[in-house]
Amino acid sequence: MGEEEKRIKEEVTDRYSLRGRVFQAIREKILSGEYKHGLELRETALASEMGVSRTPVREALRQLELEGLVKIIPNKGASVVGITAEDMEDIYAMRSLLEGLCARLAVERISRQQFDKLEEIAYLTDFHVKKGNLEKLFELDNQFHEVLYEASGSRMLKHVLSDFHHYVERVRKASLLSPGRSQLFNEEHKAILEAIREKDKEKAERLANTHMKNTIANISEQGLEKNV
């Protein structure tokens, strides 16, 4: 590769890497609630805030529009859409089915190392439930699902579920930290793990599906929709 080709390749790589960082930063602020629904997203202000030019900001906003997190109106600009209560219900309906499929596939594809990791997470979760370490419980819940997604052996399924998991992070955290839920969610995790140990695909799928239904039921009972 000639020097000029190398320089162009590096410039392209840097540009997309920068756009990716800007995209992730804005996305995180939307999903965390820092950028609230309806907030106008001005390219100039965002560029100044992040110390970049307007180009990666503009590209990031277009990508966020494709995800449905931002709305761009020609000649007016962009504003935050975020995740609505209705979106959350749809996400959990889809997660219920896809988490079931994930657990079913994991029965056939999980490695010994992945299974051991899930067991370790369940053990640590029990420990932190007793200690009342709620922030650690949220972290362990994330880890359990990410390892399970990996264990499905499906790159596309892992990608979709990881995004869904992140989209509803605030309401998941509120649900997990609600009275009594921290103990129950780990019992549900351990039941899924036991079904995988038993190589029972139908049971693993059913339990993972029920785990999601129990989560959305808890969200509704606790009135946690306001957290999205």
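**Close-up views of the predicted model**

**View 1. The burial of His211 in the predicted model.** His211 has a relative accessibility of 3% and therefore counts as buried, the cut-off for that class being under 20% relative accessible area. This histidine belongs to helix H10, which comprises residues 201-222.

**View 2. The surroundings of His211.** The side chains of His211 and His189 are joined by a polar contact of 3.2 Å. When neighbours within four places in sequence are left aside, His189 is one of the residues in contact with His211. The others listed with it are His145, Arg181, Phe185, Glu188 and Ile192.

**View 3. The buried residues of helix H8.** Helix H8 spans residues 169-176, and its buried residues are Val171, Arg172, Ser175 and Leu176. These residues lie on the same side of H8, because they cover an arc of only 135 degrees around the axis.

**View 4. The protein as the setting for the close-ups.** The protein contains 10 helices and three strands. Read from the N terminus, its elements follow the order α-β-α-α-β-β-α-α-α-α-α-α-α. The protein has 228 residues, of which 41% count as buried. Of the contacts between residues at least 6 apart in sequence, 72% join residues at least 24 apart. The exposed area of the protein is about 12400 Å², with carbon and sulfur atoms supplying 52% of it.

Note on methods:
Residues numbered from 1 in each chain as written. Predicted model: local features only at pLDDT ≥ 70, side-chain atom pairs only at ≥ 80, totals over all residues. Heavy atoms only, no water. Helix = DSSP H or I, 4+ residues; strand = E, 2+ residues; numbered from the N terminus. Buried < 20%, exposed > 50% of the residue type's maximum accessible area, 1.4 Å probe, protein only. Contact = heavy atoms within 4.5 Å. Areas by Shrake-Rupley, 256 points an atom, 1.4 Å probe, with all protein chains shown as cover. Polar contact = N/O pair within 3.5 Å; in protein donor to acceptor, adjacent residues only side chain to side chain. Arc of directions from axis to C-beta.
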